[in-house]
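Q: Please take a close look at one part of this protein: its largest nonpolar core. Which elements build it, and how do the helices around it pack?

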Amino acid sequence: MITFEVDDLKIMNARLWRFLEYLETNGVDADAVFDSRLISCELITNVLRHCGGTACFSGVFRNGEIEITVCASCPSGEIKIPDLPGVLAESGRGLYIINALSGGNVSIAGGKVTVKIITDKQ
């Protein structure tokens with residue numbers, strides 16, 4: 001399991017790199033690693049832009065499943081997965097994309113968003 005906290009988008013990619021290397025070391029295919037990066041970036045960015053404070057990340061790969069959890073150090077407001085946003089909508093696309101990439105395997109509880117990606121690698 002990889003965990004970290006980040007409070008600035010400028011260092012997000014450096015912190016996330018360890019998780020991506022961890023996935024590759026465990027034999028996860030390039031497409032699932034890419035999807036994991038995209039999902040992680042969207043979740044972390046949402047926390048930093050909309051909640052303030054620090055984004056708390058954890059990610060693990062086990063039994064062919066990547067599990068990514070992100071929450072705010074001080075959660076505020078209710079998080080929900082939107083329906084397909086309008087083409088010109090200024091918000092909601094990130095969580096919609098995350099939901100689509102994960103096949104709907106998104107859960108929100110206690111201020112934490114957890115996304116599961118099923119891979120071919122066991």
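A: Start with the surface of this predicted model. The accessible surface comes to about 7,000 Å², and 50% of that belongs to carbon and sulfur atoms. Of the 122 residues, 40% count as buried.

Next, the layout. The protein has 3 helices and 5 strands. Along the sequence they run β-α-α-β-β-α-β-β. Take the contacts between residues at least 6 apart in sequence: 61% of them join residues at least 24 apart.

Now the core itself. The largest nonpolar core has 32 residues. F19, L43, I44, I66 and I68 have the most contacts inside it. Two or more residues each come from β1 (2-6), α1 (9-25), α2 (30-50), β2 (55-62), β3 (65-72), α3 (93-101) and β5 (112-118). The largest share, 8 residues, is from α2.

I66 gives a local view. Setting aside neighbours within four places in sequence, I66 is in contact with F19, L23, V28, A32 and S36. The list for I66 continues with V60, F61, V115, K116, I117 and T119.

Then the helix pair. Two packed helices are described by the angle between their axes and the distance between the axes. The axes of α2 and α3 come within 10 Å and cross at roughly 150°. Angles over 145 degrees count as roughly antiparallel, so α2 and α3 are roughly antiparallel to each other. Their crossing is left-handed. On the α2 side, the contact is made by D35, L38, I39, E42, L43 and N46. On the α3 side, G94, L95, I97, I98 and L101 take part. L43 thus appears twice: in this helix contact, and among the core residues with the most contacts.

Terms used:
Residues are numbered from 1 along each chain as its sequence is written. This is a predicted model: local features need pLDDT of at least 70, side-chain atom pairs count only at pLDDT 80 or more; totals for chains, interfaces and linings use all residues. Side-chain values use heavy atoms; hydrogens and water are left out. A nonpolar core is a set of buried Ala, Val, Leu, Ile, Met, Phe, Trp, Tyr and Cys residues joined through side-chain atoms within 4.5 Å. Buried means under 20% relative accessible area, exposed over 50%, partly exposed in between (1.4 Å probe, protein chains only). Helices (H or I, at least four residues) and strands (E, at least two) are DSSP runs, numbered from the N terminus. Contact means heavy atoms within 4.5 Å. Accessible areas come from the Shrake-Rupley method with a 1.4 Å probe; for residues, only the protein chains shown count as cover. Axes are lines fitted to C-alpha atoms, for helices over the stretch in contact, and angles run from 0 to 180 degrees between N-to-C directions. Angles under 35 degrees count as roughly parallel, over 145 as roughly antiparallel, 65 to 115 as roughly perpendicular and the rest as oblique. A crossing is left-handed if the near helix is turned anticlockwise from the far one by less than a right angle, and right-handed if clockwise.
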